[in-house]
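Good morning, colleagues. Please have the sequence and the three-dimensional view open, as I shall refer to both throughout this short presentation.

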Amino acid sequence: MSGHNKWANIKHRKAAQDAKKSKIFTKLIREIIVAAKEGGGDPETNPRLRAVLERARAANMPKDTIEKSIKKGTGELEGVDYQEIIYEAYAPAGVALYIYAMTDNKNRTAQELRHLLSKHGGSLAESGSVAWLFERKGIIEIPKEKIADFEEFAMVAIDAGAEDIIEDDPIQVITAPDMLTEVKDKLAENGFEGEAKVTFIPKNTVKVTGADAEKVLKLVSVLEDNDDVQEVYANFEIDDKELEEIMSKLEG
């Protein structure tokens with residue numbers, strides 16, 4: 001789980017960067033539209049919509065933007081028809097990438113991703129060649145400062161149905177995808193509010209260092225900057241110190 005642990009920290013920081021650039025709104029709007037289209041506009045009966053709405057509110061998305069997005073998903077307002085697509089790829093040093101996109105033009109997205117991968121030392125992979133390396137899981141992230149007693153918190157999380165708990169900042173609670181909402185609600189009942197989402201966790205990781213590590217992180221960064229890409233999952237592992245140095249360089 002260590003690879004996912006480091007990766008989660010990158011995602012957390014990247015989300016903060018995206019929020020500053022307002023790019024996160026574009027991605028959240030697409031998620032709201034697709035979630036509402038798939039399961040209806042009532043978050044009480046649509047766990048996927050409920051989860052993305054919580055993230056949208058945490059990002060301070062205006063209420064009218066949220067409401068319009070839901071109505072576009074349910075068909076009450078005219079909107080773009082987004083398709084969910086998974087692209088499988090390789091980064092430098094044999095690192096596997098699982099790229100989750102929402103697009104209104106599959107050909108455009110595939111062409112753009114192929115260009116970005118090629119430019120940064122990666123390549124698209126055949127369907128199925130990367131998917132088996134990842135597991136679909138639910139994850140609840142809770143700021144460490146909100147947990148005074150980790151052992152007490154861990155007991156509550158385990159009793160609620162958590163599969164694993166990673167003690168980092170934020171604390172990460174891993175669940176089965178269909179248990180995500182239930183575990184999140186039970187944690188909240190005990191005073192542990194967190195942000196929940198479904199993610200993909202690597203079954204094993206590839207250690208990368210030096211120039212390879214920098215190339216991998218740069219590629220992931222440019223992929224996530226693409227408007228059609230919602231998430232990039234990867235199975236790399238980089239030492240914390242080196243990770244901090246490279247991220248600081250990329251952020252600069």
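In helix α6, which spans residues 150-160, the buried residues are Phe 153, Ala 154, Val 156, Ala 157 and Ala 160. Viewed down the axis of α6, these buried residues fall within an arc of 165°, so they line one face of the helix. On the other side of α6, Glu 151, Met 155 and Asp 159 are exposed. I should state at once that this is a predicted model.

What covers the buried residues of α6? The cover includes strands β4, β5 and β6, together with helix α7. The two ends of α6 also deserve a remark. At the N-terminal end, Asp 149 acts as the cap, with a side-chain oxygen 3.1 Å from the backbone nitrogen of Glu 151. Just after the helix, Gly 161 adopts a positive phi of about 115°.

Let me turn to the strands beneath this cover. Four of them form an open sheet in the order β5-β6-β4-β7, with antiparallel pairing. Strands β5 and β7, the latter covering residues 195-202, stand at the edges with a single partner strand each, so one side of each has no neighbour in the sheet. On average, and with direction ignored, neighbouring strands of this sheet are turned by 30° against each other.

Within the sheet, I would draw your attention to β6, residues 171-175. Is this strand enclosed or open to its surroundings? Five of its five residues are buried, so β6 is largely enclosed by the rest of the structure. Both of its faces are covered: Ile 171, Val 173 and Thr 175 are buried on one side, and Gln 172 and Ile 174 on the other.

The partners of β6 can be followed residue by residue. With β4, residues 134-142, β6 pairs in the antiparallel sense over five bridges, and Ile 140 has Val 173 of β6 as its bridge partner. With β5, residues 164-166, the antiparallel pairing runs over three bridges; here Asp 164 stands opposite Ile 174. A hairpin of four residues joins β5 to β6. Helix α7, residues 180-189, lies across β4, β6 and β7, and runs at about 15° to β4.

There is a second sheet to consider. It is likewise described as open, with four strands in the order β3-β1-β2-β9 and antiparallel pairing. Its edges are β3, residues 123-124, and β9; each has a single partner strand, so one side of each is left without a neighbour in the sheet. Strands β1 and β2 pair in the antiparallel sense over eight bridges, and the bridge partner of Glu 84 in β2 is Met 102. Helix α5 packs on this sheet, touching β1, β2, β3 and β9, and its direction makes about 20° with that of β1.

I come now to the nonpolar cores. As a general matter, nonpolar side chains in soluble globular proteins tend to be buried together. The largest core here has 28 residues, of which Val 95, Leu 97, Ile 99, Leu 223 and Phe 236 touch the most other members. At least two residues each are supplied by β1 (83-90), β2 (96-103), α5 (106-119), α8 (210-224), β9 (229-234) and α9 (240-251). Which element contributes the largest share? That is α8, with seven residues. Apart from this core lies another, of 17 residues, among them Ile 142, Val 173, Leu 180 and Phe 192. Val 173 is thus familiar to us as one of the buried residues of β6.

I close with a single polar residue, Asn 46, in the loop between α2 (23-39) and α3 (47-58). Is Asn 46 buried or exposed? Its relative accessibility is 3%, and because the cut-off for burial is under 20%, Asn 46 counts as buried. A polar atom of its side chain lies 2.9 Å from the backbone oxygen of Ala 35. Leaving aside residues up to four places away in sequence, Asn 46 touches Ala 35, Ala 36, Gly 39 and Gly 40.

Technical notes. Residues numbered from 1 in each chain as written. Predicted model: local features only at pLDDT ≥ 70, side-chain atom pairs only at ≥ 80, totals over all residues. Heavy atoms only, no water. Buried < 20%, exposed > 50% of the residue type's maximum accessible area, 1.4 Å probe, protein only. Pairing = 2+ DSSP bridges. Axes fitted to C-alpha atoms, helices over the stretch in contact; angles between N-to-C directions. Contact = heavy atoms within 4.5 Å. Core = buried A, V, L, I, M, F, W, Y, C linked by side-chain atoms within 4.5 Å. Arc of directions from axis to C-beta. Polar contact = N/O pair within 3.5 Å; in protein donor to acceptor, adjacent residues only side chain to side chain.
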